[in-house]
Amino acid sequence: MTPEILTYADMGLKWPILSLLTYIPVIGAIIIMLFLRRDNTIRWFANIVVLVDFVLSLRLIPGFIIDRHALQFVEKAPWIESLGAQYFLGVDGISILLVLLTTFLGVLAVLSSWTAIQDRVKEYYIFMLLLQTGMLGVFFSLDFFLFYVFWEIMLVPMYFLIGVWGGPRKLYAAIKFFLYTLAGSVLMLLAILGLYFLHYRQTGELSFEVMKYYGMDIPMHIQRWLFLAFFVGFAIKVPMFPFHTWLPDAHVEAPTAGSVILAGVLLKMGTYGFVRFSLPLFPQATMWFLPYGITLAVIGIVYGALTAMMQPDMKKLVAYSSVSHLGFVMLGLFALNQQGVEGGILQMINHGLSTGGLFLVVGLIYERRHTRMIKDFGGLSHQMPLYAIMFMIITLSSIGLPSLNGFIGEFTILLGGFKALWMKPVVALGFLPKEWATNMSTLMVLLATSGIVLGAAYMLWMYQRVMFGKLENPKNMELKDLNLREVMTLIPIIILCFWIGIYPKPFLRFMDAAVMNTVLMTNPQAALAEMKQMREMQMNAAPGQGMEAPSGMQLPPGHPPISMPGQHMMPGQQSAMPPGHPPISMPGQTPAMPAGHEAMMEQFRAGESHGMRRGLTFMEPAAAGHGEAPEAAHADPHGHSGDK
Amino acid sequence: MQIPPIDFTAVYPEVIVALVGLLVLAVDIFIKPQRKTSLSAIALVGLVLAFLTTMLIWDRNETAFSGMVAVDSYAQFFKLIFIFSAALTVLISPRYLSLNNISVGEYLELVLFCTVGMMVMASANDLVTIYIGLELMAISIYLMAGFQRDNPRSCEASMKYFLLGSFASALLLYGMSFFYGITGTTSLQGFTLSPNSNIIDSEVMTRLPLVLMTVGFAFKIAAVPFHMWTPDVYEGAPTPLTAFMSVGPKVAAFAVIMRVYMKTFGALVPDWVQMFTLLSILTMIYGNVVAVAQKSMKRMLAYSSIAHAGYLLIGIVSAGTATEMTGGKAMSATFASESMMSVMVYLFAYMFMNLGTFAVVISLGRADNPRDSLADYAGLAKRRPLTALLMTILLLSLMGFPGTFGFIGKFYIFKAAIVTGNLTLAVVGVLMSVVAAFYYVRVVLYMYMREPEGEVLAEGDAISSTMYAIVVTTMFTLLFGVAPGFIIDMARYTIERMLA
């Protein structure tokens, strides 16, 4: 199931925007390296570079097609021809938000380092910019070879950021970070090569193109090994429970901006890897691994939360809270249904915002006092009221208070979890009694929910110890409240937290079609049920009433309709949308389902795609009917979560 | 008896390098001591000429000297590597030689003769030719290793290498004589030329030359357990020579191994695949793990070069396995040539990155103190930012980091292993490259993140021929890391013609 490919030229752009986004930072770094000498000039310049990058990345939004799954703004050129490696960049609904998050946090991280970094300023900004390039490259690459190159290259600047500008145990933390990640990724490299070879065997074509591997028929015993190799690579990055030990070290030792990027973006690469690669490439192996994966995710949630509670160091506390939050993301992804995966992706963004914000907040106080120990503080709210307010909002966002972003993400994930029926494959194989199918997912979700409660406990407890009580420590008497630059770094985060918390639909709409596609490939059963419901809802609902579903794409006024000559289209899709028909929704028209899903459903019924049929071996068709009645209310995740 | 026609054009590069070697020796007598650097210039010009003539005969595909010498692009490919490494060695030497009062003339002459030996090995089509080339190479190196007569370490290195080297040569020769005894010829096509068509199966003795020759070659590539000489010799020898010897003989031995094992011992694949698999695993594990414990850069690089031989052997094993693969003759031929190609690309990459790294080690040395311990690298990034940056890139390349030539080499090697089903080797290989990452990254850590202890030398990125060598190797490492297509196509072209 190859999604359609729209190049940047198809989308009405004159220049390759993704390459620009990726290389503007590295060009900036080269300019700094060669031409700039004075520290302040370098600071200004680096800030401008990331700001330009961010503003440019906003250009992705207006032209983005949200009503069907397509790879957009694509750039494709042969690179190493004898190997079949391509220079293939593109974004789709899964990656676009992460890209925006990356450029957004890049601006904040660079801005926040203005006074924090006084030593070896030039090198610092060079590495920050290189890191930005590496991260954007990872999210854009749709060719495995290119992906691996960016995935590894990104390690080097991060290694330097931790190792040079880090805390007392920086050398240990830096090398641990480096080796852990490398160990995971080399195994992934072997798995990539394995896939490459299998694909060559089956088609006779040398290609590293990710989308070509989708729907490949991989024998189960091979699939398991490949899945595990990818799993280790991504799970270390996430980090999932037994692989998380590098994270607290790296976070505690890294400079503030490093922590922000590490928590905000780097960890997301692991979860992104799961959505983009592991799930759709190895659907059967994913099913096989589900019980273990879920268990690890839930252990991560609870363990991370409990450990966070005991930390005397604020940064370490936030680091362990990351383990817990990322456990939620994994839980959502493993739910393998629309809500779960969308919640997971949204929670990636949320975690990037709130944890990034928390690290910034902790960094602000560390810069003033050079300590992060909770016991050194107390009563700060008297001295720094503005700081206290910002800290509070970000804390609450991390806890998941309704009307803030964390709530939406966690709620959607848990919703997906309840519907997931994780133990179904195990039950179907006869390992467990039948009633466990529902009980286990309920149990897992309940355990996960305890993570939210614990999260509230450790965050609020920390906040209370730092902010309230009497201002006793004389060193804290002199503290100054935030200055304008510092407020500027926090305000954008807070705005976004509220925005996602109150009206998440614009964010969710970006990913609808892409997530649907992923779910369809990994777990067709759930996708089918989802589509069926949506259609029923559509039939029952009067036009323009109640629920809102993703409508046609919205082009800016004056934007030419997009023509798609010679693109990959499924047979069914053509009937749903005649070739000449511009896919722009007319006012008054109510296309309730993302166009193309109808076609996918048809295709699924016809059983055309081999890749889709595989999933069926594990789940009885009846699974589709499970829990239909309660789900009617939940059918549309966005309308639903938007109501809260 | 009729003397066969002698075609000197077939061996132009060898002839030119040998003549230039003699010229250097002659000029050395008449030239004033303070103008000795012009000798390096003569040597470089000679190497450029050799390069040009190599390109002249690039496309020929025949044998010369009654089948003793193969004139094919496979040989020329390796000659290019030797010429590059000799030229880089000439570039990195002057500083070290003047610091340690080593006679430039004799040194350069030996480097050039050694290069001739390696070239002869690469183009050998007969066991006798192989042996001549090998001995010419080895004797030059025995001499060069002991160049610092006053230094006991240097003498020890020379003696050790000489004794163990002769022993290995003897074993190789012993194997060759068995080969002659069985087939009645020393030609590499021996088994096919023999009147007894069933010779492989009928003779138990056919395994004997295989084993003995494998030992001889394993010694030259420093595969575990035939590596014992490596660390001591590398440490004791003059550093530019260490650089040269970590690349040249190894590459030459691999050139011979690929030709001999694929062509001559093609029928004994199952036997030698087993041997090389074992050697490869041992070499990778031992080399990488022991390198972690080293405090001296030279010793660390010695062990790392042992480890690299292990990776290279993966490619050889894959080539062997490929010839046995089911799935059609065309497929197995493709995979075999792909595997060999991966070895050739890796060797090319290895030449650049290893010589570059050694050049950095040399550039740090002082007359009174070689300064090759890890602690000497502390804070290098502040004293010599450019050197530190280039060293970082070279080390990342040795590690096999994407974006560098080293990655391309490793990538193709592992690809070959996966494709031919050598999963164990691939897994051991990647895990060991993580171990390798530790000791390479540790150097980076010292350079950027540690403050030097004791008195700090005032030094900068001085412009010198050593620095040129570092810059050139790094440039190539990056260039071919991003755009490797050219080298890959070249290697593939040559290997396909050789195997055809």
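Visitor: In which helix of chain A does Ile30(A) lie?
Guide: In this predicted model, Ile30(A) is one of the residues that make a nonpolar surface patch. As for its place in the chain, Ile30(A) belongs to helix 1 of chain A.

Visitor: Is Ile30(A) buried, partly exposed or exposed?
Guide: A residue counts as partly exposed when its relative accessible area falls between the buried limit, under 20%, and the exposed limit, over 50%. Ile30(A) has a relative accessible area of 43%, so Ile30(A) is partly exposed.

Visitor: Which helix supplies the largest share of the nonpolar patch?
Guide: The patch covers about 740 Å², and its members include Met33(A), Phe35(A), Leu386(B) and Met475(B). At least two residues each come from helix 1 (17–35) of chain A and from helix 16 (385–399) and helix 19 (465–482) of chain B. The largest share, four residues, is that of helix 1 of chain A.

Visitor: Which helix gives the most to the largest nonpolar core?
Guide: This core holds 410 residues, and those touching the most other members are Phe144(A), Phe178(A), Phe78(B) and Trp272(B). With 23 residues, the greatest contribution comes from helix 14 (residues 329–364) of chain B.

Visitor: Why does this core lie between domain 1 and domain 2 of chain B?
Guide: Domain 1 spans 1–256 and domain 2 spans 265–500. The core lies between them because residues are given to it by both domain 1 and domain 2 of chain B.

Visitor: How many residues form the second, separate core?
Guide: Among its members are Ala10(B), Val11(B), Ala64(B) and Val71(B). The number of residues in this second core is six.

Conventions
Residues numbered from 1 in each chain as written. Chains lettered and ligands numbered in written order. Predicted model: local features only at pLDDT ≥ 70, side-chain atom pairs only at ≥ 80, totals over all residues. Heavy atoms only, no water. Patch = residues over 30% accessible without salt bridge, like charges linked within 9 Å, V, L, I, M, F, W, Y side chains within 5 Å. Areas by Shrake-Rupley, 256 points an atom, 1.4 Å probe, with all protein chains shown as cover. Salt bridge = Lys/Arg side-chain N within 4 Å of Asp/Glu carboxyl O. Buried < 20%, exposed > 50% of the residue type's maximum accessible area, 1.4 Å probe, protein only. Core = buried A, V, L, I, M, F, W, Y, C linked by side-chain atoms within 4.5 Å. Domains from an automatic or database assignment.
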